[in-house]
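Trainee: I'd like to learn how to read a structure like this one. Can you walk me through it?

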Amino acid sequence: MLRISESLENGNTVRLRLDGTVSAVSLPELEEICSRHQGTDARVILLDLAGVVFMNDEAAKKFVKLRSDRLRIVNGSPFIEALLQTVEKQDGE
């Protein structure tokens with residue numbers, strides 16, 4: 001299960017704190033929230049993964065695709081960071 005908390009840090013940055021497990025089931029809700037924030041203005045989205053305890057490969061692939069100048073992934077555990085790097089390398093090959 002994934003809990004998503006939204007907080008506006010300043011006029012240009014919104015932090016989405018994720019707590020729990022990220023899987024294919026939780027991705028549609030996260031994508032909808034990201035689209036809502038990206039579609040209307042030039043906000044930067046910080047995906048704060050400090051509370052994520054597990055992420056499967058499918059979710060990691062989606063996160064790598066979502067990452068951009070306006071969507072940054074922060075505070076991932078060493079496991080999550082290694083998973084994202086592995087997926088990114090596989091996509092680059």
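**Reading the fold**

Mentor: Sure, and let's begin with burial: 39% of the 93 residues in the protein chain count as buried. Keep in mind that this is a predicted model.

Trainee: Which elements does the protein chain have, and how do they run from the N terminus on?

Mentor: They go β-β-α-β-α-β-α, with three helices and four strands in total.

Trainee: What radius of gyration does the protein chain have, and what would a compact globule have?

Mentor: The protein chain comes out at 13 Å, which agrees with the value near 12 Å for a compact globule of 93 residues. Along the principal axes, its C-alpha atoms fill a box of roughly 35 × 30 × 20 Å.

Trainee: What about the inside?

Mentor: Here's the general idea: in soluble globular proteins, nonpolar side chains tend to be buried together. In this case, the largest nonpolar core has 26 residues, and L16, L47, L49, M55, F63 and L84 touch the most other members. Contributions of at least two residues each come from β1 (2–10), β2 (13–22), α1 (27–40), β3 (44–55), α2 (57–66), β4 (71–74) and α3 (78–92).

Trainee: Which residues does L47 touch, leaving out those up to four places away in sequence?

Mentor: L47 touches L16, L30, C34, F63, L71, R72, I73 and V74.

Trainee: And how do contacts spread along the sequence?

Mentor: Take the contacts between residues at least 6 apart in sequence: 69% of them join residues at least 24 apart.

Trainee: How much area does the protein chain expose?

Mentor: About 5300 Å², with carbon and sulfur atoms supplying 50% of it. As for charges, the mean positions of the 12 positive and 15 negative ones are 2 Å apart.

Definitions and conventions. Residues numbered from 1 in each chain as written. Predicted model: local features only at pLDDT ≥ 70, side-chain atom pairs only at ≥ 80, totals over all residues. Heavy atoms only, no water. Rg over C-alpha atoms; globule rule 2.2 N^0.38 Å. Buried < 20%, exposed > 50% of the residue type's maximum accessible area, 1.4 Å probe, protein only. Contact = heavy atoms within 4.5 Å. Areas by Shrake-Rupley, 256 points an atom, 1.4 Å probe, with all protein chains shown as cover. Lys, Arg positive; Asp, Glu negative; His and termini not counted. Charge placed at Lys NZ, Arg CZ, Asp CG, Glu CD. Core = buried A, V, L, I, M, F, W, Y, C linked by side-chain atoms within 4.5 Å.
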